[in-house]
Amino acid sequence: MATGFLTDTTVCIGCKACEVACKQWNQIPADGYELSGNSYDNTRQLSGTTWRHVAFIENPKHRRLTGDVDLVALAEDVREQLPGGAELDALGRWTFMSDVCKHCVEAPCQQACPTGAIIRNEFDNVYIQPDICNGCGYCVPACPYGVITQVPEDGRVFKCTLCYDRQRDGMEPACAKACPTNSIMFGEVEELKKVAEERITTLRAKGYSQAYVYGTPEVGGTGGIGGNHSKFILLDEPETYNLARHPFLPQAKVRGAFVTSAIAAGVLGAVVALAFRD
Amino acid sequence: MADATRETLQNRNGHPDNGRPETSHHTRTDPKRDEKGYYGVPPIKAAHWTWQIPLYFWIGGIAAGVQLFTTLANVLGHEDEALTRVGRYTSLVAMILSPILLIWDLGRPERFYNMMRVWKLRSPMSNQSWSLVMYGNLSGLLAVRQAAEDGLLGRNFLSRLLIQLIPAKVLSILALPVALFVGSNTGTLLSATSVPMWARNWAFMAPTFLASGVSTALSYLSLVLHLGRWGEEKTHTVLRRAERATILVEAALIAASLIRMGRWGKPLFSKEIAPLFVGGTLIGGIAAPLALLSGKETRNKSILTSVLVLLGGLAFRFAMVHGGRQSANDPEAYFSFASGENAPQPEDKV
Amino acid sequence: MPGLGITYGRGGATNGLQDLQNSDCIMIQGSNMAEAHPVGFRHPMIAKEKNGAKLIHVDPRFTRTSAMCDIYAPIRPGTDIAFLGGLINYVIENDKYFEEYVREYTNAATLVTEDYKDIDEMGLFVGWDEEQQMYDPTNWRYEGAPIDYASVGGSQGALSGDSGGGQGQKSNADGDRPSDETLQHERCVFQILKRHFSKYTPEMVEKVTGCPKEAFLEVANAITENSGRDRTTAFCYAVGWTQHSKGAQIIRTAAILQLLLGNIGRPGGGIMALRGHATIQGSTDIATLYNILPGYLPMPDVNKEHDTWQDYVESETASSGWWSNFPKYVTSLMKAWYGDDFDAENGELFDHFPRLSGDHSYYPTIMEMKDGGVKGAFVFGQNFAVGGPHARLARDGLRNLDWLVVLDAYEVEVATAWKSDGIDPKECGTETFFIPCALIAEKDGSFTQTQRMLQWHDKAVEPPGDARSDAWFVFHLGRRLKELYKDSAEPRDSLLKAMTWDYPTEGEYEEPDIEAITKEVSGYTVADRKPVKGFVDLKDDGSTACGGWIYCGVYADGVNQSRRRKPWREQPVQASEWGWAWPDNRRILYNRASADPEGKPWSERKKLVWWNEDEEKWTGEDKPDFVPTKAPSYRPEADSGGMDAIPGNGPFILQGDGKGWLFAPVGLKDGPLPVHYEALESPIHNPMYTQQYNPAVRKFERPDNPYNKPEDPKYPYVVTTYRLTEHHTSGAMSRWIPWLNELQPELFAEINPELARDKGVQNTDWVTISTSRGKIHCKALVTDRIAVYKDNGKSIHTIGLPYHWGPNGLVKGDIVNNLMPVSLEANVAMHEAKAFTANLEKGRV
Ligand SMILES: Nc1nc2c(c(=O)[nH]1)N[C@H]1C(S)=C(S)[C@@H](COP(=O)(O)OP(=O)(O)OC[C@H]3O[C@@H](n4cnc5c(=O)[nH]c(N)nc54)[C@H](O)[C@@H]3O)O[C@H]1N2
Ligand SMILES: Nc1nc2c(c(=O)[nH]1)N[C@H]1C(S)=C(S)[C@@H](COP(=O)(O)OP(=O)(O)OC[C@H]3O[C@@H](n4cnc5c(=O)[nH]c(N)nc54)[C@H](O)[C@@H]3O)O[C@H]1N2
Ligand code: SF4
Ligand code: SF4
Ligand code: SF4
Ligand code: SF4
Ligand code: SF4
Ligand SMILES: [Mo]
């Protein structure tokens with residue numbers, strides 16, 4: 001059985017309860033106290049000490065608030081730039097997205113790890129064994145989502161465990177539990193896939209014709225890594241949420257590099273050998 | 001749209017220098033908004049690696065090149081004791097320094113042995129650890145034999161036994177592919193990541209690192225032999241010839257890499273890295289040595305050439321590692337890279 | 001919350017949060033529900049997903065709530081009456097009101113005396129006394145009602161507080177009021193209402209509020225389309241409405257609108273007053289307010305006919321409606337407090353009961369502190385050194401006390417006033433005692449939350465160190481005081497001596513047993529100390545005791561009803577077995593109105609409570625908020641008194657006439673109908689009337705409390721203050737929590753790019769905001785989410801300020817409330833934190 005997330009950004013209210021619940025359950029320290037100026041987002045990104053992160057994307061529409069305002073025209077104006085010309089968005093938007101480890105199916109971080117610290121556990125989640133990791137940091141640039149990060153003070157890398165400890169006790173992850181609007185859905189990947197499809201149908205019917213699931217290999221452009229067990233329902237292009245459109249598996253080319261290396265070794269060997277000719 | 005409305009919108013929007021202040025968000029009309037991404041926050045994380053890693057890359061490359069040259073000399077029947085001696089001791093020292101540097105860089109150095117828990121062929125880091133272990137042992141054995149031959153272990157039975165038991169030629173030949181792997185894997189290690197500049201160049205990364213390793217190794221040998229006033233005349237001649245040839249190969253591979261990297265190679269020419277890459281590697285490490293090598297040969301010129309090549313190789317590795325960091329921190333680079341056919345795809349031909 | 005109290009009879013939210021799931025349209029105005037009530041907000045979200053309900057947000061800022069709503073309508077701070085008045089006008093002009101509901105269940109048909117005059121050109125009602133600066137409300141009465149209003153007028157005490165609860169005023173219903181069922185008579189309430197709001201056209205709404213007409217009309221369309229027999233619209237508000245110099249009237253306007261639309265007493269309808277602190281509702285129910293006794297019983301007052309027990313009871317008993325039961329409740333209260341020492345017959349002990357001598361509400365008390373009239377203070381869980389208006393004045397007041405006892409879990413700014421503001425502690429003579437208190441998880445007790453529901457919490461862990469519960473502190477303080485005075489012969493000490501104070505204690509530290517207190521509050525029969533079932537069992541002869549009649553029944557059958565936790569999935573929609581709601585566990589108030597005049601549900605979809613012909617009683621999915629056996633056809637006799645005076649079609653059983661009051665003949669100090677006035681401090685002239693601001697607003701004209709004059713060019717911007725999800729109120733609790741601090745580390749001012757450009761301010765630049773009271777420094781957050789309003793072509797800018805920061809804690813920031821003046825709304829003494837004027841400059845000056 002594989003478990004995972006479906007995070008529906010269309011119902012997220014940006015309350016950050018998930019972010020706090022995650023920190024509290026996992027007893028992770030705060031990242032520091034600095035006003036970023038990036039809307040209401042002051043933690044900025046996922047890190048070794050922030051395993052859930054709520055992004056805030058503002059794009060309210062400009063409008064004059066006087067009598068001669070042509071609201072209908074303005075609404076249309078906005079519709080053009082919004083997916084599906086959804087009526088709901090006639091007056092601007094402020095989008096929230098609770099980001100987390102994608103629990104990639106062919107997880108690049110796992111493949112990169114030389115110690116075998118990163119495994120797929122019995123729930124098919126990508127899990128770092130904290131007693132194995134030696135902090136080589138090689139998984140960090142491997143992750144196509146900038147999720148896994150080293151904590152300098154600790155030396156090791158950390159990321160969402162998908163609340164392995166809670167799952168083992170039959171509980172849902174802390175973030176999903178805390179979410180007041182069910183934006184974070186936790187469950188079996190296959191089930192969530194169905195939920196996601198239904199949700200997309202509903203959203204499309206409401207006029208959000210560009211709603212899509214990110215993380216399903218067939219649809220979301222994540223085929224390169226076999227898709228994600230932690231999927232998202234999105235309305236804008238992936239980059240808006242700081243997600244790659246087509247993340248790729250870095251290790252896919254290791255074998256290719258062996259071949260080119262071998263050729264290069266041969267050529268260099270020959271070149272040097274030639275130098276020995278009298 | 002009402003005229004008034006349009007006017008308001010136009011006044012507020014559009015132009016980068018419309019006097020509009022920077023806002024807490026990047027609206028569609030905000031010039032910043034045109035860039036894809038989220039407040040310029042890097043979508044992937046750069047490796048934390050500090051100076052130890054590029055230094056290791058350099059040393060590993062030298063070890064590989066030294067092994068290549070000495071083994072070939074051995075196999076091709078060019079016996080130069082000084083060369084062999086320098087080669088074997090160098091490998092040993094390199095194989096002692098490399099793990100020290102690597103372990104130094106670990107977040108939890110005391111757990112370095114966890115690298116030996118598993119061997120994952122798809123993980124260049126794992127391959128690297130194992131190849132270092134293998135090459136380390138082989139070069140250790142060779143160095144022990146050398147020490148015995150040199151009488152460093154005393155002139156006794158044990159030394160003689162060691163000399164008899166350690167088959168130098170066989171071990172050298174065995175060590176050669178491992179050493180070459182160590183030298184090229186440093187490149188593979190970089191290319192098997194999500195960092196655009198590195199990943200884009202997966203085909204030439206390892207060859208370039210290897211070529212650079214060989215050229216620095218030849219320079220190193222030449223330098224040491226010159227300084228010690230050791231070695232036969234032929235060794236010096238061969239070294240010079242080989243140096244010239246490998247620098248050319250290296251230059252070709254760097255050129256190929258730059259072409260392959262395309263726009264994602266930009267960081268190499270950025271303000272911070274250009275001095276290192278253009279000044280240090282391209283001019284100092286390739287162009288200048290080539291020029292020096294073409295004229296009449298003197299000892300001093302030779303020494304200078306070697307130093308330049310070695311520094312150029314070191315600069316190259318720092319430039320590549322730091323360039324990768326810049327590349328990872330640039331949302332535009334990553335998004336343009338990971339948005340389609342640019343990224344390595346499974347169906348790509350080797 | 002007299003806005004609700006006067007209109008419907010009780011000042012509490014009419015429906016429950018879960019009930020919002022039944023709504024077809026939810027209008028959120030005066031609250032940032034998603035941010036301040038994120039968990040409650042799940043219900044509107046469910047309504048949106050399940051019923052396709054329309055969500056509307058009307059707010060000066062585009063907030064996280066707006067982001068979730070189908071319609072966002074921006075308005076200038078302090079213009080809600082104009083917006084809602086516009087909706088009323090729209091509903092009447094376009095015949096969109098629920099005709100039958102309005103005719104039967106409201107006072108629309110009742111005629112008003114000829115002496116009544118609607119507001120004049122100036123914007124004043126009849127009866128304005130320029131000298132006294134107050135209204136004489138005698139002419140705002142129903143035709144035929146007696147003129148000597150003073151004697152029947154509302155007990156203002158019962159109305160005070162930003163609080164819930166019914167009103168204690170009695171009205172002189174005599175069952176025989178002239179009325180016109182056709183609603184055509186020019187003096188009937190409906191026509192008065194129509195005329196009064198006729199000025200509030202969509203164009204006027206746009207002019208006053210700055211909300212584009214089209215957005216306004218979209219809102220109007222949404223709420224009218226989603227009201228009627230088969231559909232209901234709910235309203236949600238919080239302090240975005242209350243914290244104005246006319247807060248009660250804003251809520252009144254919404255209450256009138258909901259009556260016209262027929263949305264009260266029905267599932268998915270109602271007005272959700274979103275309460276703040278976990279048990280802010282409870283703190284007014286079982287009163288912490290100075291002028292009411294538990295259950296909104298009026299506090300005895302020297303200025304009223306409260307000389308003797310008999311006077312008091314007689315003058316406060318209404319002749320009709322629920323308040324005719326007053327003697328039962330007040331007698332039971334005295335029995336609960338004084339036991340056998342209180343004789344219900346002669347009520348002698350009452351002679352020593354304290355009486356109000358004037359206004360001793362929070363603000364006058366602070367002023368008194370500063371002026372030296374108050375010697376000492378206990379502060380339990382409040383941090384007004386940051387959260388109080390004109391916080392600097394409050395801190396100066398604290399520094400002028402002889403002694404101060406602060407019970408809190410954190411070293412809050414109230415407790416450190418003696419060493420803040422650069423004061424040399426040697427100069428400050430206040431002896432401050434800081435007592436650590438137990439927090440919620442460290443003690444038993446109950447909360448009464450936003451929908452009047454009591455929920456019990458059990459102690460989970462022992463409090464750390466010397467921390468004890470507040471109850472422990474008060475109980476043992478009382479015990480020691482009683483011990484001190486036990487031999488006193490002074491008559492004035494008799495009350496203290498008589499006080500029943502014998503709660504059992506538990507544990508090493510003798511924590512009082514909270515359930516024993518709940519039992520007393522719930523009520524029992526004096527003879528055998530058996531719990532009573534509900535307030536219908538309470539007697540005025542001294543045979544019952546009850547510490548808070550509205551909570552009567554929370555311990556029915558000896559079971560702590562508030563501790564029930566049956567999951568909602570396992571019971572019908574109203575989930576009446578989760579916790580316990582007052583009154584009498586009724587979840588939707590006035591639910592008689594969910595049925596038509598004949599007692600049949602208005603529609604199948606919206607049925608809730610109906611008249612069962614066969615059993616001759618009211619039944620349904622909720623406990624009927626009505627006399628269970630009163631037939632729909634019942635009409636009172638001319639001489640009926642008490643509950644008998646309420647007709648079978650009078651769902652508003654606390655009103656003397658059983659009707660919802662479109663026109664308030666009594667009870668409000670600033671007019672029987674709402675009027676748009678500007679905030680006390682406003683950069684523009686009132687576009688509707690000559691009268692600039694609410695004439696009845698209470699001002700404190702003193703040198704340390706200056707007001708910015710209307711249209712003062714020195715203070716051209718409007719400040720509105722609010723909360724962020726990431727912090728709590730004065731930040732006293734949240735500023736110590738790293739996980740919250742990293743999310744919102746610093747005070748900021750939200751400003752529009754236009755203002756930023758004018759001032760040359762970039763995002764995150766420092767700015768200085770100043771008023772005639774003080775100034776603060778903070779960073780600018782430049783955002784389009786703050787709208788710009790135009791007044792005759794001139795831009796009116798709003799500065800948004802969250803008020804969570806202060807000098808203590810892990811993150812520090814300037815105190816926003818140093819900017820605020822003290823001015824009080826006329827009815828509830830609420831400050832005006834949502835609209836005042838200020839200046840903004842670049843940099844830290
Ligand atoms: N996270 C969090 N939740 C809380 C609290 C907290 O501090 N933090 N506090 C609790 C308490 S004590 C309370 S009382 C409640 C308060 O709950 P709310 O009233 O919802 O909270 P506020 O943020 O004070 O104000 C609500 C909104 O009113 C808007 N507003 C300002 N002026 C006007 C106006 O003139 N008209 C209209 N229509 N809107 C206006 C503001 O822009 C703001 O968005 O929240 C409770 N919940
Ligand atoms: N500018 C501006 N000012 C405002 C408002 C606004 O919107 N704008 N809103 C106003 C509103 S609605 C409110 S409610 C007030 C809130 O103002 P306050 O009530 O003064 O502020 P809090 O920070 O909630 O203070 C509660 C204190 O109680 C303590 N506490 C918690 N639990 C317990 C307990 O069990 N026992 C004891 N003894 N202490 C406990 C906490 O540690 C904290 O210090 O602010 C008001 N001020
Ligand atoms: S998102 Fe990154 S950290 Fe998470 S499983 Fe995928 S590669 Fe690993
Ligand atoms: S840092 Fe830890 S988890 Fe990451 S690759 Fe190295 S050992 Fe594996
Ligand atoms: S699943 Fe657990 S660890 Fe992962 S984000 Fe949620 S709370 Fe954090
Ligand atoms: S808890 Fe849920 S609603 Fe709140 S920010 Fe997280 S995902 Fe969004
Ligand atoms: S803090 Fe408590 S009362 Fe407020 S929204 Fe969260 S759960 Fe509800
Ligand atoms: Mo509040």
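Throughout this passage, a residue is called buried if its relative accessible area is under 20%, exposed if over 50%, and partly exposed in between (1.4 Å probe, protein chains only). By that criterion, buried residues account for 57% of the 350 residues in chain B. The model is a predicted one, in which local features need pLDDT of at least 70, side-chain atom pairs count only at pLDDT 80 or more, and totals for chains, interfaces and linings use all residues. Residues are numbered from 1 along each chain as its sequence is written, chains are lettered from A and ligands numbered from 1 in the order in which they are written, and side-chain values use heavy atoms, with hydrogens and water left out.

Chain B is a good place to start. Its secondary structure comprises 13 helices and 0 strands, where helices (H or I, at least four residues) and strands (E, at least two) are DSSP runs numbered from the N terminus. With contact taken as heavy atoms within 4.5 Å, residues 24 or more positions apart account for 75% of the chain B contacts that have a separation of 6 or more.

Chain C offers an open sheet of 5 strands, with parallel pairing and the order β3-β2-β1-β6-β7; two strands pair if DSSP finds at least two bridges between them. Strands β3 (71-74) and β7 (271-273) of chain C stand at the edges, and each has a single partner strand, so one side of each lacks a neighbour in the sheet. On average, neighbouring strands of this sheet are turned by 15° against each other, direction ignored. Such angles come from axes, which are lines fitted to C-alpha atoms (for helices over the stretch in contact), and run from 0 to 180 degrees between N-to-C directions.

The edge at β3(C) can be followed residue by residue. Strand β2 (residues 54-59) of chain C pairs with β3(C) in the parallel sense over 4 bridges. Ile56(C) has Ile71(C) as its bridge partner, while Val58(C) has Ala73(C). In a regular strand the side chains alternate between the two faces of the sheet. In β3(C), Ile71(C) and Ala73(C) point one way and Tyr72(C) and Pro74(C) the other way, and all are buried. Elsewhere on this sheet, helix α13 (residues 247-260) of chain C lies across β6 (233-237) and β7 of chain C, running at about 170° to β6(C).

A second strand arrangement in chain C centres on β25 (residues 766-770), where 4 of the 5 residues are buried. Strand β25(C) pairs in the antiparallel sense with β26 (residues 775-782) of chain C over 5 bridges, and the two form a hairpin with 4 residues between them. Strand β25(C) is also joined by 4 bridges to β31 (residues 836-842) of chain C, again running antiparallel. Ser770(C) takes part in both pairings, with Lys775(C) as its bridge partner in β26(C) and Asn839(C) in β31(C).

Helix α20 (residues 470-485) of chain C has 16 residues, which at 1.5 Å a residue should span 22 Å; its end C-alpha atoms are 22 Å apart, in agreement. The expected span is 1.5 Å times one less than the number of residues. Phe473(C), Phe475(C), His476(C), Gly478(C) and Lys482(C) of this helix are buried. Among the elements that the buried residues of α20(C) pack against are β10 (376-380), β11 (403-408) and β12 (431-436) of chain C.

Aromatic rings also make links, with 72 aromatic pairs over all chains. Rings of Phe, Tyr and Trp (its six-membered ring) pair if their centres lie within 6.5 Å; planes under 30 degrees apart count as stacked, over 60 as edge-to-face and the rest as tilted. Trp49(B) and Trp198(B) are stacked, because their ring centres are 6.1 Å apart and their planes lie at 15°. Trp49(B) sits in the loop between α2 (31-34) and α3 (52-75) of chain B and Trp198(B) in helix α8 (residues 196-200) of chain B, so the pair ties together parts 149 residues apart in sequence. Both Trp49(B) and Trp198(B) are buried. In chain C, the rings of Tyr105(C) and Trp602(C) have centres 6.2 Å apart and planes at 75°, so this pair is edge-to-face. Tyr105(C) and Trp602(C) are both buried.
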